[in-house]
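Open the model in your viewer and keep the selection panel at hand. The tour goes from one selection to the next.

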Amino acid sequence: MSTVVASGLVGELAHALDGPFHVLLPDAFTANLTALRDALADADVDGFVYYAKKANKAAVFVERAAAGGAGVDVASAAELREALGHGVRGEHLMVTGPAKDTVLLRLAVTHGATIAVDALDELDQVISLVLTGRERPARVLLRVLPDAQPHSRFGMSESELTTALKRCLEAGDAIRMEGFSFHLSGYALQPRADLAARLVEQCRKARGMGLEEADRVSIGGGLPVSYTDADSWHAFLGTQRPSHYHAEKAFRAGDFYPYHSPVAGPDALRALLATRPEGSGSTLAEVIREAGIELLLEPGRALLDQAGATVFRVQGVKDRDGYQLLTVDGTSLSLSEQWFNSEYLPDPQLVPHQQGSSAGVFPASVGAATCLESDMLTWRKIAFPHPPRVGDLLLYPNTAGYQMDSNESPFHDLPLPPKVVIDRVDQARPRWRFDRHFS
Ligand SMILES: *Cc1c(COP(=O)(O)O)cnc(C)c1O
């Protein structure tokens, strides 16, 4: 991103687009995908990566997943259509989500996608779709309700799983039962290793019952991303208090995303594979290998690490007691973390539109160009190194994972920020295009 800023392109784009915009760096996505694959190969684990599409709506990441031979994890008919339309093969789709609608299930069956079945009635529906439509067998995983998160609304309990396995057997050729899946919230490795090992065991049992294709375990997403170093993070957590925020706003430390993670992304996958599941003398990698299992992953955030940034222009500067209040030309709908009793903590970079302003510490909070009191992009008083001025740009780093567009809407009739793709950064003058052509 620093190369892009140094090239002057960000300022030019701000001038041309005349509003906030997102910058996408798909090479970072491809590099993250390669690094995850390397982690699997180094541990000698047979695996397959599905990009969890909900983390960003851009087409380019799906295109990169397709080009890289990865799959895509979708949860709606529209996401499925998008993935197919941008080049992902049907058999490389994973369909997740609770109580999937009939259109989605039918498309999944027709295109040979894997369906992570979340409930018994859903399994029945899949079986009857295949039988009545004289379709090819539906490929299913059974999603498990984790012991560690018994209040989750996703997945099936132990007794439901027993029933599901029986129904899969009875369904005969209508169903290809390929294994089990889970998705845990949080980032702890041990519970993931424990549950993965338990599901490897379940695959053995299912095969013993005659479901011979049961040889896959999906561990979902939840590979952490580290946005900052340990010292900055712990110093921030240890000192943050209401006086550091506009309007004395109080945030609970526990509500922040863990912006520092000691092991993240591909390293977290390596660490997971090296973890010994409870009660096992072997590592998870060994357990998986010995049972002849294929490990499936559905990372969203981890594939998007460093794959984008969001740019706003300062359109107003107001003095308050000891700090300034900036108003930018967009809204916090483009920075989704602001909608979860939380705050996006990576500091925006100030890109002055004219050089030569004084250096020092200039605290300022960042508000949106809307009439909502609570629409703040940053409540925190950021220590800017120069006095922010109207026309300067604020570049929020690393926003591709979940920040950009989960919540965006044309509030106040403001247009949605366009997405600018920079395919090749390592050039003296980076070239850009829009993510989609306007129709
Ligand atoms: C959201 C989700 C993911 C992706 O999670 P990340 O934390 O972005 O890696 C994967 N699988 C399922 C089922 C999900 O709901």
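The stops below are the ligand site and two helix pairs.

This is a predicted model, in which local features need pLDDT of at least 70 and side-chain atom pairs count only at pLDDT 80 or more, while totals for chains, interfaces and linings use all residues. Residues are numbered from 1 along each chain as its sequence is written, and side-chain values use heavy atoms, without hydrogens and water.

**Ligand**

Select the ligand and its surroundings (a residue is near if one of its heavy atoms lies within 4 Å). There are 13 residues around the ligand, and Lys54, Gly222, Glu298, Arg301 and Tyr402 come nearest. Now show the N and O atoms. In the side chain of Glu298, an N or O atom is 2.7 Å from a ligand nitrogen. The side chain of Tyr402 places an N or O atom 2.5 Å from a ligand oxygen. At Arg301 a backbone N or O atom is 2.9 Å from an oxygen atom of the ligand.

**Helices α3 and α11**

Next select residues 26–42, helix α3, and residues 265–274, helix α11. Their axes (lines fitted to C-alpha atoms over the stretch in contact) are 8 Å apart at an angle of about 20 degrees. The two helices are therefore roughly parallel (angles under 35 degrees). Among the residues in contact (heavy atoms within 4.5 Å) are Leu36 and Leu40 of α3 and Leu269 and Leu273 of α11. The contact comprises 7 nonpolar, 1 polar and 3 charged residues.

**Helices α7 and α8**

Finally, select α7 (residues 120–133) and α8 (residues 158–171), whose axes come within 10 Å and cross at roughly 10 degrees. This pair is therefore roughly parallel. Leu120, Leu123, Asp124 and Ile127 form the α7 side, and the α8 side includes Ala164, Arg167 and Cys168.

Note on methods
Axes are lines fitted to C-alpha atoms, for helices over the stretch in contact, and angles run from 0 to 180 degrees between N-to-C directions. Helices (H or I, at least four residues) and strands (E, at least two) are DSSP runs, numbered from the N terminus. Angles under 35 degrees count as roughly parallel, over 145 as roughly antiparallel, 65 to 115 as roughly perpendicular and the rest as oblique. Ala, Val, Leu, Ile, Met, Phe, Trp, Tyr, Cys and Pro count as nonpolar, Asp, Glu, Lys and Arg as charged, and the others, Gly among them, as polar. A polar contact is a pair of N or O atoms within 3.5 Å; within protein, one must be able to donate a hydrogen and the other to accept it, and residues adjacent in sequence count only if both atoms are side-chain atoms.
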